[in-house]
Amino acid sequence: MSFKFNEDVFKDNSFNEKIKEKLTTALNKNFNSNLNNNEKFNILKSKIIVNKTNFPTIPKFEILDLDINTQPRSLVKGICKIIIKDAMVELQTIIESNLLLVNMKDTPNFIKPNLIVNNSLRIPITMTFKNISLEAISNIFVKNNSLSISFNDVNLDFKFNCSINILQN
């Protein structure tokens, strides 16, 4: 069983705005707790912001199997095939550039070198994922008010562009 998405939803910019909002929330879910835990290799110094999204090709969604069980509690299980092509996502954040400083926070003083300046340098970074092509088989479980999705057999391809050239390759 398959169905077709309403093309007008993808042509309307509100779809991209909603995706940007949801992705930004998902990417920053544990951001504040990671800062407070003072993780050893945490180089992110700001939240990840999704600047742009674009889905010029309408995704395809095919239901391969569907099992609806109402006894003893409501449960819907499904296996679906998802195909997304030509999508684009642009992310922006700030990273810590002095890795020596980041890695030496918990190092004993007798091991640390005597540096004249060991300050933090924050660098803004923009990452663009273009021509995203995703083809995946997913398991979807809907139970009461919760939704669980797991992806199996995932084929993901994209072109990567970064504002910091050394990270681009």
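Asn155 touches Ser133, Leu134 and Glu135, leaving aside residues up to four places away in sequence. That is a good place to enter this predicted model. Asn155 sits in strand 6. Its three listed partners fall within the span of strand 5, which runs 122-143. Asn155 is partly exposed, because its relative accessible area is 46%, and partly exposed covers the range between under 20% and over 50%. A further pairing involves Ile137. Asn155 and Ile137 are 18 residues apart in sequence, and their C-alpha atoms are 9.4 Å apart in space.

Stay on strand 6 for a moment. Asp153 also belongs to this strand. Its backbone deserves a look: phi is positive, at about 50 degrees, although Asp153 is not a glycine. Asp153 counts as exposed, because its relative accessibility is 59% and exposed means over 50%.

Now cross to strand 5. Asn131 is found there. Asn131 has a positive phi of about 50 degrees, and it is not a glycine either. Its relative accessible area is 38%, so Asn131 is partly exposed.

Step back to the whole chain. The protein has five helices and six strands. From the N terminus, the order is β-α-α-α-β-β-β-α-β-β-α. A strand opens the series, and three helices follow it. Three strands come next, then a helix, then two strands. A helix closes the run.

How many of the contacts between residues at least 6 apart in sequence join residues at least 24 apart? The share is 69%. Of the 169 residues in the protein, 26% are buried. The accessible surface comes to about 12,100 Å². Carbon and sulfur atoms account for 54% of that surface.

Next comes the largest pocket. It holds about 1,000 Å³ of space. Its lining consists of 25 residues. Which of them lie nearest the centre? They are Leu23, Phe55, Ile84, Leu134 and Phe151. Leu134 has appeared already, as one of the residues that Asn155 touches.

Several elements build this lining. Helix 2 (13-27), strand 4 (75-96), strand 5 (122-143) and strand 6 (146-162) each supply at least two residues. Helix 2 gives the largest share, with six residues. By class, 24 of the lining residues are nonpolar. One is charged, and no polar residue takes part.

Helix 2 is worth following from one residue to another. Phe15 has its place in this helix. Is Phe15 buried or exposed? Phe15 counts as buried, because its relative accessibility is 18% and the buried class ends at 20%. Phe15 touches Val9, Phe10 and Phe55, not counting residues up to four places away in sequence. Phe55 is also among the residues nearest the centre of the largest pocket. Asn54 gives another reference point for Phe15. The two lie 39 residues apart along the chain, with 9.2 Å between their C-alpha atoms.

Ala26 lies in helix 2 as well. Its relative accessible area is 53%, so Ala26 is exposed. Across 22 residues of chain, the C-alpha atoms of Ala26 and Ile48 are separated by 9.7 Å.

Lys47 belongs to the loop between helix 3 (31-37) and strand 2 (49-54). Lys47 counts as partly exposed, because its relative accessibility is 42%. Thr25 is its partner in a further C-alpha pair: the two are 22 residues apart along the chain and separated by 9.5 Å.

The cysteines come last. Cys80 is buried, because its relative accessible area is 4%. Cys162 also counts as buried, at 4% relative accessibility. How many disulfides does a search of the whole structure find? The search finds zero.

Key: Residues are numbered from 1 along each chain as its sequence is written. This is a predicted model: local features need pLDDT of at least 70, side-chain atom pairs count only at pLDDT 80 or more; totals for chains, interfaces and linings use all residues. Side-chain values use heavy atoms; hydrogens and water are left out. Helices (H or I, at least four residues) and strands (E, at least two) are DSSP runs, numbered from the N terminus. Buried means under 20% relative accessible area, exposed over 50%, partly exposed in between (1.4 Å probe, protein chains only). Contact means heavy atoms within 4.5 Å. Accessible areas come from the Shrake-Rupley method with a 1.4 Å probe; for residues, only the protein chains shown count as cover. A disulfide is a pair of cysteine sulfur atoms within 2.5 Å. On a 1 Å grid over the protein atoms alone, a cavity is a set of points where a 1.4 Å probe fits but cannot get out, and a pocket is an open set with protein on both sides within 12 Å along at least five of seven lines; lining residues have an atom within 4 Å of a point. Grid points are joined across faces, edges and corners, and a volume is the space filled by probe spheres set on the points. Ala, Val, Leu, Ile, Met, Phe, Trp, Tyr, Cys and Pro count as nonpolar, Asp, Glu, Lys and Arg as charged, and the others, Gly among them, as polar.
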